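Subject: Structure handover

Hi,

Here is the structure for you to look at. Please open it first, then read my notes below.

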Amino acid sequence: MMGGHHAATGAAVWLAVTTRFHVDLGAVASGTPWGLPAFDVGWGLLPVSPLGAATGALVTAGAALLPDADHRNATIAHSLPPVSKALCLCMEGLAGGHRHGTHSILGLAAFTVLAWAAGLWQLTLPGLGTVDAGAGLLSILLISFAAKALKLVPDRLKVTPWVVGVLLGGFIAVFAPEEQGWFPQAVFLGVAAHIVGDALTVGGVNPFWPFVVKSPRFFRRLPLLSSVWTRGGYFAVPVLGKAGSIREWLLLVPVSLYTLWALGMTAFQVLARR
Ligand SMILES: [Zn+2]
């Protein structure tokens, strides 16, 4: 999957898990002869404040790019120089190359534990109260990833990623969701969305890294199943085909529309509370 698509699906998953909006089409089109349905959009499993839903969506969009920080030439290596470049070099060594450690259950657990540890660091500042310092600092990096992948910052401007990252990271440190554990939850959901997204492409992922669970020989002879579980221990349900395919773009249209709509609804709720 392409970087911008990972970021959009990460934000969509966070919004779907943390919000639940009641849509009543009958009330919208009242007076018409048709009986239009009413339904809920989103699961609302981890309810957070409307502002927390919006800031968490930004963090999850960035976290959904973390697994691809596993090679030095990744697009996001240039997102917050020189920190992002150094991080990609370190991760390349630790994760054993592209689509290895960071795209596995072990990688998902490691990112979540790191986020949990960072989320414990809070500061009390005069006038601002308790501030999520650890989550804010890591958010600078994650937001810079998302800004790069979504092409929100022009490449020519070298200082801008830091300005955008620090401003939004500071905003998140102050206006983060008040619910305990939101930061590791956002990182978990973002990284998990990335791994699932890559598993839907022909490349697949090896969830059991560092172990390689090879497919049995008879399995590889079966026409469709040979691409679901490969000889190299990679698993895929390649409904999207190759990364960046037309099918991937088609999936991203409703995902992006949902993300923009849900962000608009949270903004409406924030304004309505004032
Ligand atoms: Zn990936």
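**What I found**

Asp68 is buried, with a relative accessible area of 16%. Keep in mind that this is a predicted model.

Asp68 is also one of the zinc ligands. The others are His103, His194 and Asp198. Both histidines coordinate through NE2, and both aspartates through OD. Distances to the zinc ion run from 2.0 to 2.3 Å.

What is the geometry of the zinc site? The site is irregular, with angles of 91 to 173 degrees among its 4 donor atoms. The upper value is the reason: four donors count as tetrahedral only if all angles lie between 85 and 135 degrees. Along the chain, the donors follow the spacing D-x34-H-x90-H-x3-D. Asp68 sits in the loop between α3 (50-63) and α4 (83-95), while His103 sits in the loop between α4 and α5 (105-119), so this pair ties together parts that are 35 residues apart in sequence. His103 is buried, at 0% relative accessible area. Asp198 is buried too, at 1%.

**Salt bridges**

How many salt bridges does a search of the whole structure find? There are 3.

One of them uses a zinc ligand. Asp198 meets Arg99 through their side chains, at 3.3 Å from N to O. Asp198 is in helix α8, and Arg99 is in the loop between α4 and α5, 99 residues away. Arg99 is buried, with a relative accessible area of 14%.

Another pairs Glu92 with Arg72, where the closest N and O atoms are 2.8 Å apart. Glu92 belongs to helix α4 and Arg72 to the loop between α3 and α4, so the bridge ties together parts 20 residues apart in sequence. Glu92 is partly exposed, at 22% relative accessible area. Arg72 is partly exposed as well, at 40%.

Then there is Asp40 with Arg20, at 3.1 Å from N to O. Asp40 lies in strand β2 (residues 38-41), and Arg20 lies in the loop between α1 and β1. They are 20 residues apart, and the pair links distant parts of the chain. Asp40 counts as partly exposed, at 38% relative accessibility.

**Nonpolar core**

The largest nonpolar core has 56 residues. Which of them touch the most other members? They are Trp14, Leu66, Leu142, Trp182, Phe183 and Val187. Eight elements are worth selecting here: α1 (3-18), β1 (21-24), α3, α4, α5, α6, α8 (182-199) and α10 (246-273) each supply at least two residues of this core. Helix α8 gives the most, with 9 residues.

Ala7 is in helix α1. Ala7 counts as buried, at 1% relative accessibility. Its C-alpha atom is 9.2 Å from that of Ala193, although the two are 186 residues apart along the chain.

**Nonpolar surface patch**

On the surface there is a nonpolar patch of about 690 Å². Its residues are Trp121, Leu123, Leu125, Leu128, Leu137, Phe171, Val174 and Phe175. Strand β3 (122-125) and helix α7 (160-175) each supply at least two of them. Helix α7 gives the most, with 3 residues. Leu137 lies in helix α6 (residues 133-149).

Best regards

Terms used
Residues are numbered from 1 along each chain as its sequence is written. This is a predicted model: local features need pLDDT of at least 70, side-chain atom pairs count only at pLDDT 80 or more; totals for chains, interfaces and linings use all residues. Side-chain values use heavy atoms; hydrogens and water are left out. Donors are N, O and S atoms within 2.8 Å of the metal (3.2 Å for Na, K and Ca); water is not among the atoms, so sites may look incomplete. Four donors count as tetrahedral if all angles lie between 85 and 135 degrees; four count as square planar and six as octahedral if opposite donors are over 155 degrees apart and all others between 65 and 115; anything else is irregular. Helices (H or I, at least four residues) and strands (E, at least two) are DSSP runs, numbered from the N terminus. Buried means under 20% relative accessible area, exposed over 50%, partly exposed in between (1.4 Å probe, protein chains only). Patches are made of residues with over 30% relative accessible area and no salt bridge: like charges are joined within 9 Å, nonpolar side chains (Val, Leu, Ile, Met, Phe, Trp, Tyr) within 5 Å. Accessible areas come from the Shrake-Rupley method with a 1.4 Å probe; for residues, only the protein chains shown count as cover. A salt bridge is a side-chain nitrogen of Lys or Arg within 4 Å of a carboxyl oxygen of Asp or Glu. A nonpolar core is a set of buried Ala, Val, Leu, Ile, Met, Phe, Trp, Tyr and Cys residues joined through side-chain atoms within 4.5 Å.
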